[in-house]
Amino acid sequence: MKVKMILPALAEAESPFWRPIKYSLFPPLGLATLAAYLSPDDDVDLQDQHVETLKLDDQPDLVIIQVYITNAYRAYKIADHYRSIGAYVLLGGLHVTSLPDEAAAHADTIFLGPGEQTFPEFLQDFKKGKPKKRYSSSIRTLEKIPPIRRDLIKRNLYLVPNSIVVTRGCPHHCNFCYKDAFFEGGRSFYTQAVDDALAEIDRLPGKHLYFLDDHLLGNKKFASSLFEGMQGMNRVFQGAATIDSILRGNLIEKAADAGLRSLFVGFETFSAANLKQSNKKQNLKKDYDQAVKRLHSLGIMINGSFVFGLDEDDKDVFKKTVDWAVDNAITTSTYHILTPYPGTKLFKDMEQQGRILTRNWDLYDTRHVVYQTNNLSAEDLKNGYDWSYNEFYRWSNILSASSKHESLKHKLKHLFYSGGWKKFEPVWNFLIKTQNLNNILPILESILSKVPYTNTETLVDPAPSMLPMPPVSSTQTRHPTQVIRFKNEFNK
Ligand code: SF4
């Protein structure tokens, strides 16, 4: 059987702010994960439109398309095309799960939620000539999942081909996040067996890894065993975790010992009212400065995520947020305009309040204001968002933030990482054009090399058993998805 798997490009690909490097970071792992369930005899073509020109003149039997909110219209066009030439078309992903009826109009079969159980079930039904119109995931396990078909990934087209996901979902319930909608009807946070995760790591060549898990420290027992198992594997890695998990116990030290060198952290907002509005309990009453100090003491660089436009925000929020990030030596910042994705609690609340201003999904990219704002005007919000990016990534601020680290090595790492990411666009474009992106991995690995630890004793929170509240985490744009993960970590 001829199978075509497609990740259509996001709408932003046609925007003047398009940064090709941002979408040349991670391969479409979710599709490669599903491909593992196909027969070895199947002829599989996996295409990622962000890094290659989509070929539409072929004649596949089965087409599988990954749908996000801002590639939805493009995905539907591609689906319509393949259906018109007689292919059987499957749609799945976050947007399909959120708005199944919309997607169903362009598909022969749609998938709701994670695909590890439902895709093999579909394949069996398809072989029997009795595929259903809709498959909805209810059993959630990563036991005995076949190894990802990494052979389908064109490694040279990505900066970080060694991306990996060892958990699914997240233990938290932020109301702007897709996670609860995507995992509805079953478990919403579960992990691989530690040995399976270690075996997957072992299969990856080179040194660098990027964990795309929503919350790598979300299951203490799993993460602890994983980091212990990674001791001696000589890896450097990046990942994401929440503020409370950084402050609690000694998991973050174990992660650093195993090779953690940079972490995505969802700070989102400094306002307790905004955190409550977002149901982001894991950040409430947590000392952001202390979390930052603790990471820096372990030589871990920080990618901070911040959301603008929550109801308490006023015109001061932009300067306050950027100043804090520079003063606290945050290496890279990702800013988002609050976006009520369909299917989320935030969307439902705003819809009830009559605050949804448009259903043009192309604008749901966290760069546009799509809802009725509260304290800020839409214009101020958009201008403040643009200002924040420009301000944070001014050379003077990059230099100022870098200089705040203790060791010279950490200062230089910060400077190269932050400056390299935002200030050398022509170089990135040249590397992408010449398909040499993957060849600069050794440079990234050296930027992620170890920095000697400094004293952390005064920074540590009590062990979990002593905490008055249950451990509670991340970000607007870290979208959990089983069918595919796509990291919006480096925005704009
Ligand atoms: S935003 Fe992050 S921490 Fe919150 S529910 Fe989603 S993945 Fe979890």
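**View 1. Strand 13 and strand 14 in the predicted model.** Strand 13, residues 301-308, and strand 14 are joined by six bridges and run in the parallel sense. This is a predicted model. Across the pair, Ser305 is placed opposite Thr334 of strand 14. Both strands belong to an open sheet of six strands, ordered 7-10-11-12-13-14, with parallel pairing. Its edges are strand 7 (163-164) and strand 14 (332-337), each of which pairs on one side only.

**View 2. Strand 11 and its burial.** Strand 11 covers residues 236-241, and six of its six residues are buried, so the strand is largely enclosed by the rest of the structure. Val236, Gln238 and Ala240 point one way from the strand, while Phe237, Gly239 and Ala241 point the other way. The buried set thus includes Gln238 and Gly239 as well as Val236 and Phe237.

**View 3. The neighbours of strand 11 in the sheet.** Strand 10 (residues 208-211) pairs with strand 11 in the parallel sense through three bridges. Within this pairing, Leu209 has Phe237 of strand 11 as its bridge partner. Between strand 10 and strand 11 the chain passes through helix 8 (residues 220-230), and the resulting β-α-β crossover is right-handed. Strand 12, residues 260-268, runs parallel to strand 11 and is joined to it by five bridges. Here Ala241 has Val265 of strand 12 as its bridge partner.

**View 4. The contact between domain 1 and domain 2.** The protein divides into domain 1 (2-136) and domain 2 (150-447). Their C-alpha centres are 26 Å apart. Domain 1 gives 27 residues to the contact and domain 2 gives 31 residues. On the domain 1 side, at least two residues come from each of helix 1 (29-35), strand 2 (43-48), helix 2 (72-84) and helix 3 (94-98). The domain 1 residues that touch domain 2 comprise 18 nonpolar, six polar and three charged.

**View 5. The largest nonpolar core around Ile65.** The largest nonpolar core has 125 residues, and Ile65, Leu91 and Phe308 touch the most other members. Helix 2 is the element that gives the most to this core, with six residues. At least three residues of the core come from each of domain 1 (2-136) and domain 2 (150-447). In soluble globular proteins, nonpolar side chains tend to be buried together. With residues up to four places away in sequence left out, Ile65 touches Ile6, Pro8, Ala75, Ile78, Ala79, Val89, Leu90 and Leu91. One of these contacts, Leu91, is itself named with Ile65 among the residues that touch the most other core members.

**View 6. Pro452 in the segment after helix 19.** Pro452 lies in the segment that follows helix 19 (441-447). Is Pro452 buried or exposed? Pro452 has 10 C-beta neighbours inside 10 Å and therefore counts as exposed, since a residue is exposed at 12 or fewer. Beyond its neighbours within four places in sequence, Pro452 is in contact with Gly299 and Ser407. The C-alpha atoms of Pro452 and Lys409 are 9.0 Å apart in space, and the two residues are 43 residues apart in sequence.

Key: Residues are numbered from 1 along each chain as its sequence is written. This is a predicted model: local features need pLDDT of at least 70, side-chain atom pairs count only at pLDDT 80 or more; totals for chains, interfaces and linings use all residues. Two strands pair if DSSP finds at least two bridges between them. Helices (H or I, at least four residues) and strands (E, at least two) are DSSP runs, numbered from the N terminus. A residue is buried if 20 or more other C-beta atoms lie within 10 Å of its own, exposed if 12 or fewer, and partly exposed in between; C-beta atoms are placed from the backbone. A crossover is right-handed if, with the strands pointing away from the viewer, the path from the first strand over the helix to the second runs clockwise. Domain bounds come from an automatic or database domain assignment. Two residues are in contact if their C-beta atoms, placed from the backbone, lie within 7 Å. Ala, Val, Leu, Ile, Met, Phe, Trp, Tyr, Cys and Pro count as nonpolar, Asp, Glu, Lys and Arg as charged, and the others, Gly among them, as polar. A nonpolar core is a set of buried Ala, Val, Leu, Ile, Met, Phe, Trp, Tyr and Cys residues joined through C-beta atoms within 7 Å.
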